[in-house]
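Here's a quick briefing to read alongside the model. Have the viewer open and click along as you go.

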Amino acid sequence: MRCSDDSCNLPFIGIVVGFFRIYNQYFDFKVLHEENHLVISRGLLARKSVQLKFSRIQAVQLRQTLLRRMVKLMSANVLLSASRDEDDKKTVLIPVVSSQKATTTLQKVLGVDDFDIKQWQPSAIKTAAWYQVRFSLLRLATMIVVLSGIVMIWLPKYWDWHNILLGILIALVVVGFLILKNIMTIKDQKIGYCESAIYLQRSNGLTKEGYFITRDKIQGLNTHGLYTLAAKKATHLDIIVRDDNGGHTIRLRYVPEQTITVLNKWLFL
């Protein structure tokens with residue numbers, strides 16, 4: 001079946017429009033470092049300039065999608081406090097930068113040395129990846145059993161070998177995705193700190209996120225988890241920072257209790 005000329009051109013037009021939107025948004029992107037603030041300017045058709053006080057910066061977020069991992073690139077954003085501008089809540093600081101040069105580029109842009117992380121703590125217990133995968137698969141198995149029961153009781157006409165085979169194939173794809181996602185969640189997880197700042201890294205889906213946060217910007221640490229975690233001498237950890245008029249939670253999994261103790265001592269120095 002051949003497509004018409006208009007329908008064949010739609011994907012190409014979409015790509016061109018998407019490219020132009022990004023080009024227009026980040027054209028001639030500049031960051032100027034002033035005495036107590038940054039001036040960020042960008043745009044082709046409509047030039048936009050933002051003056052950003054350093055005191056408003058709550059955290060620097062490094063973000064790397066799965067595609068950018070393959071080419072070793074990432075972007076840097078800043079989480080800000082109390083913004084009236086909807087587009088100003090999470091400001092792009094660096095649209096794209098090489099993974100190897102991200103830290104040195106941030107030091108130059110912000111004019112600080114808080115990104116020199118030298119002290120690293122164990123971010124997860126040794127068997128954390130297995131526990132993470134097991135929990136995710138058990139949850140998936142429960143959903144499959146419940147859905148299968150619903151189909152058998154209320155929709156019996158769909159319970160035939162064709163649909164069962166299709167369901168098995170879909171389940172296998174989902175299982176493979178969950179195993180990959182949860183292994184990456186643990187392997188990407190990192191905790192490091194220096195005298196005045198902490199670095200936290202996690203995976204959000206298949207996107208890797210890293211956060212540089214100075215000690216005075218941390219609003220609190222929360223630990224939680226089922227009682228079974230106590231026997232493993234681990235807990236789940238939430239680090240809370242301010243984001244606009246609310247909060248932003250950075251969630252880490254299966255963190256050793258010893259690491260929590262070190263972080264508490266560091267936070268309240």
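Which element gives the largest share of the lining of the largest pocket? That's H5, with 7 residues. Keep in mind that this is a predicted model. Below come some notes on that pocket, then two sheets and a histidine.

**The largest pocket**
- Its volume comes out at about 480 Å³.
- The lining is made up of 16 residues, and those nearest the centre are Ile-144, Leu-147, Ser-148, Gly-167 and Ile-168.
- Two or more lining residues come from each of helix H4 (128–154) and helix H5 (161–187).
- If you're thinking about chemistry, the lining splits into 13 nonpolar residues, 3 polar ones and no charged ones.

**The sheet E1-E2-E3**
- This one is an open sheet of 3 strands, in the order E1-E2-E3, with antiparallel pairing.
- Strand E1 (30–33) and strand E3 (48–53) sit at the edges with a single partner strand each, so one side of each has no neighbour in the sheet.
- Going from one strand to the next, the twist averages 15 degrees.
- Between E1 and E2 there are 4 bridges, in the antiparallel sense.
- For a handy register mark, look at His-33, which stands opposite Leu-38 in E2.

**His-37**
- You'll find His-37 in strand E2 (residues 37–42).
- Its side chain makes a polar contact of 3.0 Å with the side chain of Asn-36.
- Leaving aside residues up to four places away in sequence, His-37 touches Leu-32, Gln-51, Leu-52, Lys-53 and Phe-54.

**The sheet E11-E12-E13, and a helix on it**
- Here again 3 strands form an open sheet, with the order E11-E12-E13 and antiparallel pairing.
- Strand E11 (218–224) and strand E13 (246–256) are the edge strands, each pairing on one side only.
- Neighbouring strands are turned against each other by 20 degrees on average, ignoring direction.
- Strand E12 (residues 234–243) is joined to E13 by 9 bridges, and the two run antiparallel.
- Within that pair, Asp-243 stands opposite Gly-246 in E13.
- Helix H7 (residues 257–267) packs on this sheet and touches E11, E12 and E13.
- The direction of H7 makes about 140 degrees with that of E13.

Terms used: Residues are numbered from 1 along each chain as its sequence is written. This is a predicted model: local features need pLDDT of at least 70, side-chain atom pairs count only at pLDDT 80 or more; totals for chains, interfaces and linings use all residues. Side-chain values use heavy atoms; hydrogens and water are left out. Two strands pair if DSSP finds at least two bridges between them. Axes are lines fitted to C-alpha atoms, for helices over the stretch in contact, and angles run from 0 to 180 degrees between N-to-C directions. Contact means heavy atoms within 4.5 Å. On a 1 Å grid over the protein atoms alone, a cavity is a set of points where a 1.4 Å probe fits but cannot get out, and a pocket is an open set with protein on both sides within 12 Å along at least five of seven lines; lining residues have an atom within 4 Å of a point. Grid points are joined across faces, edges and corners, and a volume is the space filled by probe spheres set on the points. Ala, Val, Leu, Ile, Met, Phe, Trp, Tyr, Cys and Pro count as nonpolar, Asp, Glu, Lys and Arg as charged, and the others, Gly among them, as polar. A polar contact is a pair of N or O atoms within 3.5 Å; within protein, one must be able to donate a hydrogen and the other to accept it, and residues adjacent in sequence count only if both atoms are side-chain atoms.
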